[in-house]
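Grab a pencil and work through the exercises below with the structure open beside you. Try each task before you read its solution.

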Amino acid sequence: QVQVVESGGGSVQPGGSLRLSCQASRTIYSINEMGWYRQAPGKQREMVAAMTIGGSTAYADPVKGRFTISRDNAKNTVYLQMNSLEPEDTAVYYCNAAIIFFTTRRDFWGQGTQVTVSS
């Protein structure tokens with residue numbers, strides 16, 4: 001089992017920045033993948049950024065060059081730095097922790113944090 005807790009959401013004007021944090025309940029060295037997903041009203045949840053245990057990263061096309069995922073191993077925390085925010089980034093952002101064993105993937109989710117980009 002893994003519990004993850006997000007923080008750092010809020011409201012910002014277009015072009016602004018926010019940093020989201022996600023703290024895991026156990027060492028992130030034991031978690032195969034951690035990432036950020038978002039869900040806007042009326043839309044499906046989508047992957048935003050993810051990082052594997054080995055440090056490889058992946059980003060959704062709309063956020064490439066604007067968002068950066070990073071981690072602090074000592075704090076069991078993953079961050080999402082979001083720059084040049086656009087109204088289209090408005091969504092509830094969820095932290096995800098995935099435990100992968102052979103072909104089985106088990107996902108753990110945080111409660112979500114609201115990000116609103118509006119002038």
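Two strands count as paired if DSSP finds at least two bridges between them. Keep in mind that this is a predicted model.

**Exercise 1. Find out how S1 and S3 pair, and which residue of S3 is the bridge partner of valine 5.**

Step 1: Locate the strands. S1 covers residues 4-7, and S3 covers residues 18-24.

Step 2: Look at the bridges. S1 and S3 are joined by four of them, in the antiparallel sense.

Step 3: Start from valine 5 and go across to S3. There you land on glutamine 23, its bridge partner.

Step 4: Check the two faces of S1. Val4 and Glu6 make up the covered face, while Val5 and Ser7 make up the uncovered one.

**Exercise 2. Follow the chain through S4, S5 and S6, and work out how many bridges join S4 to S5 and over how many S5 and S6 pair.**

Step 1: Take S4 (residues 33-39) and S5 (residues 46-52). They run antiparallel, with six bridges joining them. One spot to check is glycine 35, whose bridge partner in S5 is alanine 50.

Step 2: Look at the turn of this hairpin. Six residues sit between S4 and S5, and glycine 42 in the turn has a positive phi of about 80 degrees.

Step 3: Move on to S6 (residues 57-59). S5 pairs with S6 over three bridges, again in the antiparallel sense. Here alanine 49 has tyrosine 59 of S6 as its bridge partner.

Step 4: Inspect the second hairpin. It has four residues between S5 and S6, and glycine 55 takes a positive phi near 100 degrees.

**Exercise 3. Decide whether serine 21 and alanine 58 are buried, partly exposed or exposed.**

Step 1: You'll need the cut-offs: under 20% relative accessible area is buried, over 50% is exposed, and anything in between is partly exposed.

Step 2: Serine 21 belongs to strand S3. Its relative accessibility is 16%, so serine 21 counts as buried.

Step 3: See what touches serine 21. Neighbours within four places in sequence aside, its contacts are Val5, Glu6, Ser7, Trp36, Thr77, Val78 and Tyr79.

Step 4: Alanine 58 is in strand S6. With a relative accessibility of 35%, alanine 58 is therefore partly exposed.

Step 5: Leave out the neighbours within four places again, and alanine 58 has contacts with Met47, Val48, Ala49 and Ala50. Between alanine 58 and methionine 47 the C-alpha to C-alpha distance is 9.2 Å, and they are eleven residues apart in sequence.

**Exercise 4. Track down the disulfide and say whether it is left-handed or right-handed.**

Step 1: Count. The structure has one disulfide.

Step 2: Name the partners. They are cysteine 22 and cysteine 95, with sulfur atoms 1.9 Å apart.

Step 3: Place them on the chain. Cysteine 22 is in S3 and cysteine 95 is in S9 (residues 91-101), so to speak distant parts of the chain, 73 residues apart.

Step 4: Read the torsion about the S-S bond. For cysteine 22 and cysteine 95 the value is about -75 degrees, so this disulfide is left-handed.

Step 5: Check the surroundings. Both cysteine 22 and cysteine 95 are buried.

**Exercise 5. Work out which residues line the largest cavity.**

Step 1: Count the cavities of 30 Å³ or more. You should get one.

Step 2: Note its space. The largest cavity holds about 50 Å³.

Step 3: List the lining: Ile28, Ile31, Glu33, Met34, Met51, Thr52, Ile53, Arg71 and Val78. S4 and S5 are the elements that give two or more residues to it.

Step 4: Sort the lining by class. That makes six nonpolar, one polar and two charged residues.

**Exercise 6. Explore the loops on either side of S8: what is the phi of asparagine 76, and what is the phi of serine 84?**

Step 1: Recall the background. Most residues other than glycine have a negative phi.

Step 2: Asparagine 76 sits in the loop between S7 (67-72) and S8 (77-82). Its phi is positive, near 50 degrees. Asparagine 76 counts as buried because its relative accessibility is 19%.

Step 3: Serine 84 is in the loop between S8 and S9. Although not a glycine, serine 84 has a positive phi of about 50 degrees. Its relative accessible area is 41%, so serine 84 is partly exposed.

Methods:
Residues are numbered from 1 along each chain as its sequence is written. This is a predicted model: local features need pLDDT of at least 70, side-chain atom pairs count only at pLDDT 80 or more; totals for chains, interfaces and linings use all residues. Side-chain values use heavy atoms; hydrogens and water are left out. Buried means under 20% relative accessible area, exposed over 50%, partly exposed in between (1.4 Å probe, protein chains only). Contact means heavy atoms within 4.5 Å. On a 1 Å grid over the protein atoms alone, a cavity is a set of points where a 1.4 Å probe fits but cannot get out, and a pocket is an open set with protein on both sides within 12 Å along at least five of seven lines; lining residues have an atom within 4 Å of a point. Grid points are joined across faces, edges and corners, and a volume is the space filled by probe spheres set on the points. Ala, Val, Leu, Ile, Met, Phe, Trp, Tyr, Cys and Pro count as nonpolar, Asp, Glu, Lys and Arg as charged, and the others, Gly among them, as polar. A disulfide is a pair of cysteine sulfur atoms within 2.5 Å.
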